[in-house]
Amino acid sequence: MSRIRVEKAICLEGELRVQGSKNAALPVMAASILHKGCTVLHNCPHITDVFVMEELLKALGAVTCWEDHTLVIDSRGICNTGIPAAPAEKLRGSILLAGGLLGRLGCVEMGYPGGCVIGKRPIDLHLEAFSHLGVVVEEREGRLCLEGKSMTGVQHIFPRPSVGATENAILAAAGATGITRLEGCAREPEIDALCDFLQGMGVDISRREGSVRIRGGCSLRDTEYTIPPDRIAAGTLLLAGAVTRGRIALKEAPVSQMSSLLGLYQKMGGQYLVRGGTLITDSRSVRRPLPRVRTAAYPGFPTDLQPLLLVTCCTLQGESEIEETIFEDRFRILGQLEKMGARIGVKDNIAKISGPCSLKGCLVHVPDLRAGAALLLAALYAEGETVVEDCTYIERGYEDLYGDINLLGGRIRKEIDG
Ligand code: EPZ
């Protein structure tokens with residue numbers, strides 16, 4: 001077991017570079033198996049989810065190597081269609097290997113994906129899209145067997161947007177005969193990144209708003225791609241500045257993908273400007289509450305930053321309200337915040353926060369990745385020392401959040417048992 005000890009921090013200050021995007025790297029890694037050749041990914045974040053995805057690629061027959069933040073994937077040897085259960089259960093992104101294997105080999109055998117427990121997280125939208133492409137879906141002893149050797153292009157309309165199902169359908173369609181038109185797609189920037197990568201590899205793909213068109217069966221080529229910066233990691237650091245009323249500059253922050261957060265940041269009193277690709281933030285005047293925030297699919301306020309904004313609202317003067325509309329169980333942080341002294345009521349997936357809360361450091365446990373980052377922010381605001389148990393969750397998505405915060409003036413120490 002590992003934990004971090006976090007001291008209260010006043011006014012974090014300094015400049016950091018934003019890491020590569022976890023949720024762009026995972027689909028791009030899955031897409032690399034479409035091509036019987038080499039893929040070079042620059043700016044790949046050193047995070048547990050990427051390392052587990054790499055382990056899965058090697059289990060399927062790929063060869064990989066790293067040089068600093070560049071990951072090279074040679075997928076000429078991909079021949080296994082069975083995705084091993086143990087690593088796959090560690091992350092939701094493992095399900096994207098289904099689309100990659102269908103597109104490459106026309107079949108896959110796998111368990112259900114794992115990942116953060118923030119709701120039921122079904123995969124019906126993935127399987128419906130596969131079936132519509134002609135994939136035969138069977139379940140045998142808890143494992144899914146997908147056979148799609150004769151996938152043909154279709155027009156598929158998603159009944160509601162899903163990031164992963166959109167990405168999976170794109171990957172499978174790249175191996176289908178003919179043209180596939182996907183409607184009602186999710187519009188997260190990570191899907192743009194996947195489309196850009198696939199275009200670079202030679203896939204005939206175009207995207208306009210919620211529609212994606214793919215012509216399958218193209219001849220593919222070796223390609224290099226740079227993973228874009230992580231908008232959620234950037235938002236995490238911005239809000240670390242907000243809770244400590246600090247001044248933080250974020251180099252290469254994807255500002256155009258952060259509009260909903262930046263709008264809320266200004267509402268609470270934050271000030272920012274963009275200079276030469278760096279987002280410069282000043283949180284000294286942050287204090288106004290946020291009476292009505294709703295999470296939504298992109299470009300709305302991202303559910304992944306909801307726990308972190310909830311903690312920020314604990315530091316604001318007055319009544320704030322956040323409604324979670326994407327996942328049905330994404331307030332699992334509340335019990336830990338109440339241990340620290342927060343007063344937050346929840347009804348019908350709407351959290352009401354009466355700030356400012358006087359939080360006191362204590363022992364807290366991390367329920368999932370983004371709640372873990374949020375507890376770290378709460379610890380920066382709380383009086384005294386906070387011990388955050390099970391902090392390995394945080395390392396699934398953040399390359400060095402503790403080191404980043406310490407570079408800005410924080411005091412975080414990691415301890416590992418045994
Ligand atoms: C992706 O998860 C991200 N993960 C999540 O980030 C992010 O919170 C989520 O998109 C929403 O933006 C990765 O990209 C690896 P969805 P995904 O399918 O694809 C329901 C993080 O912290 N749904 O868009 O699993 C689902 O239950 C993670 O980095 C179905 O009903 O999200 C949810 O209510 C957490 N059936 C909604 O759709 C399905 O088949 C949106 O989920 C699939 C999803």
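**An enclosed helix, two cores and the internal spaces**

In this predicted model, helix α4 (residues 96-105) is largely enclosed by the rest of the structure, because nine of its 10 residues are buried. The buried residues of α4 are L96, L97, A98, G99, G100, L101, L102, G103 and R104. The elements that cover these residues include the helices α1, α2 (48-60), α5 and α6, together with the strands β6 (107-110) and β8. Just after α4, G106 takes a positive phi of about 80°.

The largest nonpolar core holds 76 residues, of which L250, L309, L310 and L337 touch the most other members. Helix α12 (residues 369-381) gives the most to this core, with 11 residues. When residues up to four places away in sequence are left aside, the contacts of L309 are with L239, L264, M268, L290, V293, F301 and I322. Apart from the largest core lies another, of 69 residues, among them L41, A172, L194 and V212.

The largest pocket contains about 1,100 Å³ of space. Its lining is made up of 44 residues, and R121, V163, G164, I326 and F327 are the closest to its centre. Helices α1 (22-31), α5 (124-132), α6 (163-173), α8 and α12 each supply at least two residues of this lining; α1, α5 and α6 are also among the elements that cover the buried residues of α4, and α12 is the helix that gives the most to the largest nonpolar core. By class, the lining of the largest pocket consists of 21 nonpolar, seven polar and 16 charged residues.

The second largest pocket has a volume of about 240 Å³, and of the 15 residues that line it, R17, V18, Q19, E399 and D404 are the closest to its centre. Two or more residues of this lining come from each of β2 (13-17), α8 and α14 (401-407), with α14 giving the largest share, three residues. Seven nonpolar, four polar and four charged residues make up the lining of the second largest pocket.

In addition to the pockets, a search of the whole structure finds one cavity of 30 Å³ or more, and about 60 Å³ of space lies in the largest cavity. This cavity is lined by R231, I232, Q257, M258, S260, L261, Y298, P299, G300, P302 and L305, and the elements that give two or more residues to the lining are α8 and α9 (259-267). By class, the residues around the largest cavity are seven nonpolar, three polar and one charged. Helix α8 thus recurs in the description of these spaces, as it contributes to the lining of the largest pocket, to that of the second largest pocket and to that of the largest cavity.

Several backbone features depart from the usual pattern, in which most residues other than glycine have a negative phi and most peptide bonds are trans. The peptide bond from Y298 to P299 is cis, with omega near 10°, and both Y298 and P299 line the largest cavity. P299 is found in the loop between β17 (293-294) and α10 (306-313). A further cis peptide bond runs from G355 to P356, with omega near -5°, and P356 is placed in the loop between β20 (350-355) and β21 (363-365).

Positive phi values are also found in residues other than glycine. E141 has a phi of about 50° and is placed in the loop between β7 (136-140) and β8 (143-147), where its relative accessible area of 84% marks E141 as exposed. Phi of R245 is near 55°, and R245 is found in the loop that joins α8 (231-243) to β14 (247-251).

The structure holds zero disulfides. The sulfur of C218 is 13 Å from the closest cysteine sulfur, in C195, and this distance is too far for a bond. For C357 the closest cysteine sulfur is that of C314, at 4.0 Å, which is likewise too far for a bond, given that a disulfide requires sulfur atoms within 2.5 Å. C357 is buried, with a relative accessible area of 2%.

Key:
Residues are numbered from 1 along each chain as its sequence is written. This is a predicted model: local features need pLDDT of at least 70, side-chain atom pairs count only at pLDDT 80 or more; totals for chains, interfaces and linings use all residues. Side-chain values use heavy atoms; hydrogens and water are left out. Helices (H or I, at least four residues) and strands (E, at least two) are DSSP runs, numbered from the N terminus. Buried means under 20% relative accessible area, exposed over 50%, partly exposed in between (1.4 Å probe, protein chains only). A nonpolar core is a set of buried Ala, Val, Leu, Ile, Met, Phe, Trp, Tyr and Cys residues joined through side-chain atoms within 4.5 Å. Contact means heavy atoms within 4.5 Å. On a 1 Å grid over the protein atoms alone, a cavity is a set of points where a 1.4 Å probe fits but cannot get out, and a pocket is an open set with protein on both sides within 12 Å along at least five of seven lines; lining residues have an atom within 4 Å of a point. Grid points are joined across faces, edges and corners, and a volume is the space filled by probe spheres set on the points. Ala, Val, Leu, Ile, Met, Phe, Trp, Tyr, Cys and Pro count as nonpolar, Asp, Glu, Lys and Arg as charged, and the others, Gly among them, as polar.
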